[in-house]
Amino acid sequence: MCLLPLIAHSPLLSSINEPLPVDKLVAEGVPAPIIQVVDKMAAKQQQDRYQTAEEVVGVLTRALAASNLSLPRGYRGGPSSFPPVVPISGGGSSGPVSIIDPATGNMPLSQNGQSVVSLTCFRCGSSNPSTRLFCTTCGDDLSNRRASADTYLVNGRPVLARLTMQSGPTMKGRSYRFHQDVTTVGRTNGNDLVISGLTVSRRHARLWFSEGNWYLEDVGSANGTLVNNVRIYQAVLLHDGDVVNFGDEMVVFNVTFGP
């Protein structure tokens, strides 16, 4: 069922002065999560409606996932416009799987009545409830807006950077992906990659992408940035597999690709 044309041409959007004809949507078989989205879109007071097109697409995408449906191809944005729904292990299905409350058999709802699904953080891969705006593990924006910077493609896929931690009591083994914009590295909050080691400066280094290549630059750190055991004093070109030290903290740089 293609629901968007039905919603777009429904009488419920013809006038905000008329009551929402929920019974007509139910009769047409529109799932409850989507009706909730349409109900808010048709709110009589402007402040009660969604405020941006991006917000509408985001909540509608999640409502479609909750209803085991997907956006028609013509309505989709880029491949990384919104985080995917995480399949729940043990379900035996290769497609997106909704989180179902075993007590009620329904999707759990947030305080504003929207269905809660699981979103995968682009940066660290952690699972988060869709009620959150930022990842509980690494703090990255779950809407993944920075994917808009990924304009350089190889075989249709964006070229990304991956940094895998090789040291640290809590971060060793963790891997983080980064888009083609500027990534800052440092010890304090506000950096894109926060490394808590005492030898890491508050603002330590920056990583960026330009014309098909990744570059790294130290930004005046106290203990230096090393690439393959050589301290750098200006921007250097990185290669897949390079070992980078931010002070005493070691990471491995790899080139990877987005979906």
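**Exercise 1. In what sense do strand S8 and strand S9 pair, and over how many bridges?**

Before solving, note the ground rules. This is a predicted model, where local features need pLDDT of at least 70, side-chain atom pairs count only at pLDDT 80 or more, and totals for chains, interfaces and linings use all residues. Residues are numbered from 1 along each chain as its sequence is written, and side-chain values use heavy atoms, with hydrogens and water left out.

*Step 1.* Find the strands: S8 covers residues 205-210 and S9 covers residues 213-218. Strands here are DSSP runs of E with at least two residues, helices are runs of H or I with at least four, and both are numbered from the N terminus.

*Step 2.* Check the pairing, which requires that DSSP finds at least two bridges between two strands. S8 and S9 have 6 bridges and run in the antiparallel sense.

*Step 3.* Pick out one bridge: serine 210 has asparagine 213, in S9, as its partner.

**Exercise 2. Place that pair in its sheet and find the edges.**

*Step 1.* Write down the order, S7-S6-S8-S9-S12, which makes an open sheet of 5 strands with mixed pairing.

*Step 2.* Look at the ends. S7 (193-194) and S12 (236-237) each have a single partner strand, so one side of each lacks a neighbour in the sheet.

*Step 3.* Zoom out: the whole protein has 4 helices and 14 strands.

**Exercise 3. Work out the disulfide count and check the cysteines.**

*Step 1.* Apply the cut-off, a pair of cysteine sulfur atoms within 2.5 Å. The count comes to 0 disulfides.

*Step 2.* Take cysteine 124: it is in no disulfide, and the nearest cysteine sulfur, in cysteine 135, lies 3.7 Å away.

*Step 3.* Now cysteine 138. Its sulfur is 3.6 Å from the closest cysteine sulfur, that of cysteine 121, so the two are too far apart for a bond.

*Step 4.* Add exposure: cysteine 138 has a relative accessible area of 23%, so it is partly exposed. The classes are buried under 20%, exposed over 50% and partly exposed in between, using a 1.4 Å probe and protein chains only.

**Exercise 4. Describe the surroundings of arginine 231.**

*Step 1.* Locate arginine 231 in strand S11 (residues 230-231).

*Step 2.* Classify it: arginine 231 is partly exposed, because its relative accessibility is 37%.

*Step 3.* List contacts, meaning heavy atoms within 4.5 Å. Setting aside neighbours within four places in sequence, arginine 231 touches Ser221, Ala222, Asn223, Gly224, Thr225 and Leu226.

*Step 4.* Compare sequence and space for arginine 231 and asparagine 245: they are 14 residues apart in sequence, with 8.8 Å from C-alpha to C-alpha.
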